[in-house]
Amino acid sequence: MPDALNPADPAFARDPYPYYARLRAQGPAARVALANGTHAWLVTGYRQAREVLADPRFSNVPPRAAGRPKADSPAQRARGCLARHMLNTDAPDHTRLRRLSTAAFTPRRVDALRPRIERLTADLVAEAGERLARDGSVDLVDAFAFPLPVLVIGEVLGVPEADRADLRTWTYRVGSPADALAPGAVDAAWTSLHAYFNELIARKRRAPGDDLFSALVRDAGEGGLDDGELLAMAFLLLFAGYETTMNLLASASLLLLTHPAELAAARREGPARWAAVTEEVLRHASPLEGTTWRRTTERVELGGGADIPADASVLVVLAAANRDPEYFPVPDAFRPARYLADGGRAAAHVAFGHGPHFCLGSRLARLEAAIALPLLFAGLPGLTLAADPAALDYRPGLLVRGPRVLPVRATV
């Protein structure tokens with residue numbers, strides 16, 4: 001095992017699972033030295049992950065030692081403002097903020113998006129087919145996995161389509177380790193996001209619509225959110241609204257292309273099998289690699305030799321917990337059938353978290369996958385990978401995970 005974990009290492013980003021397995025062999029949680037000079041406790045056991053995610057002794061208020069100390073600057077002030085979202089709060093603030101955003105993701109509102117998601121997917125698949133015919137290959141991340149969720153969440157939140165490419169670039173950068181990017185890129189992205197959301201909110205105040213941002217702006221004016229909380233909520237809903245689903249769609253496409261028998265079974269058996277594929281992708285290739293950082297408010301014994309002191313930085317590694325062999329037989333194998341026999345109850349993953357911070361957008365992500373994956377492979381039936389899957393670049397970091405590009409070609 002390396003002396004220090006470097007999340008920006010491309011080899012680690014591509015395949016972190018052997019590292020997590022070695023770490024888990026030491027116990028369900030272990031203290032790890034990070035390449036940035038700090039230390040943190042990484043929770044890799046499934047049972048312990050669920051416990052930590054529901055335990056109020058693990059505060060979501062960001063720990064002081066989660067990264068390098070930063071000098072005061074406009075970028076750091078922008079970052080601090082946008083980081084005031086509900087994932088970085090505890091009750092009662094978290095309860096209040098979550099209640100204000102829950103209305104956007106009720107089952108009725110999410111399910112009502114089905115016709116629009118179907119139309120958007122059909123258009124994207126047709127465009128991808130045209131690019132395949134013209135160029136011989138296409139990047140499924142660029143042509144399918146990114147645009148679909150960003151179009152959907154953009155419409156839900158009222159983000160102009162012309163702004164979405166810039167937002168993708170900025171959110172990618174703030175979710176990546178600074179070591180993986182050009183100097184200053186992360187700071188510039190935080191500053192750009194802060195300025196963008198300030199302007200967007202001002203536009204919604206001048207000319208409100210029927211979108212979520214307009215509703216949040218209205219509620220803020222009625223005492224629901226202060227201006228800082230409004231900015232942070234805008235950032236979180238956009239970032240979380242497409243990042244997870246983009247990685248889910250990209251990883252699902254890759255796994256189905258590299259497991260043709262599973263793709264054939266999904267095509268043959270229909271919706272229940274496609275749903276099982278989605279759940280197994282969420283487990284096997286967790287699009288959220290880790291949760292937000294937590295801090296212990298007191299000493300906590302997790303068992304298995306994990307005795308975490310007070311005021312320690314803790315990261316629940318969802319990708320590791322979802323491959324814990326104690327709970328998932330043959331954990332490294334892609335086996336959607338494990339979610340068929342009993343509706344997945346015996347193999348419930350924690351890809352969307354657990355407890356009070358369970359992902360609000362999980363129903364929307366599942367709906368997009370349920371619609372988009374069958375339409376993709378029906379509309380482009382001869383897809384094959386145009387690159388070695390073991391050599392694909394992955395998103396660096398410990399927060400979100402998925403292939404950065406997914407080149408494919410069509411075969412007759």
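These legends walk you through several close-up views of a predicted model.

**View 1. Here is helix H2, with its buried residues along one face.** Helix H2 spans residues 17-26, and its buried residues are Tyr 17, Tyr 19, Tyr 20, Leu 23 and Arg 24. Looking down the axis of H2, you will find these buried residues within an arc of 150°, so they line one face of the helix. An α-helix has 3.6 residues a turn, so residues three or four places apart point the same way. Now turn to the face of H2 that points away from the buried side: the exposed residues Ala 25 and Gln 26 sit there. What do the buried residues of H2 pack against? Their partners are helix H1 (10-14), strand E1, strand E2 (39-43), helix H15 (271-284) and helix H16 (318-321). Just after H2 comes Gly 27, whose phi is positive, at about 150°.

**View 2. Next, meet Phe 12, a residue of helix H1.** Is Phe 12 buried or exposed? Its relative accessibility is 9%, so Phe 12 counts as buried, the cut-off being under 20%. Leaving aside residues up to four places away in sequence, Phe 12 touches Leu 5, Asn 6, Pro 7, Tyr 19, Tyr 20, Glu 289 and Leu 398. Two of these names may be familiar from the previous view: Tyr 19 and Tyr 20 are among the buried residues of H2. Look also for Gly 397, which is 385 residues from Phe 12 in sequence, while their C-alpha atoms are 9.0 Å apart in space.

**View 3. This view shows an open sheet of 5 strands.** Reading across the sheet, the strand order is E1-E2-E8-E5-E3, and the pairing is mixed. Which strands form the edges? They are strand E1 (29-33) and strand E3 (58-59), each of which pairs on one side only. Within the sheet, strand E5 (residues 294-296) and strand E8 (residues 313-316) run antiparallel to each other and are joined over 2 bridges. To find one bridge for yourself, start at Arg 295 and look across to its partner in E8, Ser 313.

**View 4. Three loops are worth a visit for their backbone angles, beginning with the one that holds Pro 92.** Pro 92 is placed in the loop between helix H4 (74-82) and helix H5 (93-102). The peptide bond that leads from Ala 91 into Pro 92 is cis, and its omega is near 5°. Asp 311 belongs to the loop between strand E7 (306-308) and E8. Although Asp 311 is not a glycine, its phi is positive, near 65°. With a relative accessibility of 39%, Asp 311 counts as partly exposed. Val 330, in the loop between H16 and helix H17 (362-379), is another residue other than glycine with a positive phi, near 50°. Val 330 also counts as partly exposed, with a relative accessibility of 46%.

**View 5. The last stop is the second largest pocket, with a volume of about 330 Å³.** Rolling a probe the size of a water molecule over the atoms shows where empty space is left. How many residues line the second largest pocket? There are 16, and those nearest its centre are Arg 14, Leu 254, His 284, Tyr 394 and Arg 401. Helix H13 (residues 227-258) gives the most to this lining, with 4 residues. Sorted by class, the lining holds 7 nonpolar, 4 polar and 5 charged residues.

Definitions and conventions
Residues are numbered from 1 along each chain as its sequence is written. This is a predicted model: local features need pLDDT of at least 70, side-chain atom pairs count only at pLDDT 80 or more; totals for chains, interfaces and linings use all residues. Side-chain values use heavy atoms; hydrogens and water are left out. On a 1 Å grid over the protein atoms alone, a cavity is a set of points where a 1.4 Å probe fits but cannot get out, and a pocket is an open set with protein on both sides within 12 Å along at least five of seven lines; lining residues have an atom within 4 Å of a point. Grid points are joined across faces, edges and corners, and a volume is the space filled by probe spheres set on the points. Ala, Val, Leu, Ile, Met, Phe, Trp, Tyr, Cys and Pro count as nonpolar, Asp, Glu, Lys and Arg as charged, and the others, Gly among them, as polar. Two strands pair if DSSP finds at least two bridges between them. Buried means under 20% relative accessible area, exposed over 50%, partly exposed in between (1.4 Å probe, protein chains only). The arc is that of the directions from the helix axis to the C-beta atoms. Contact means heavy atoms within 4.5 Å.
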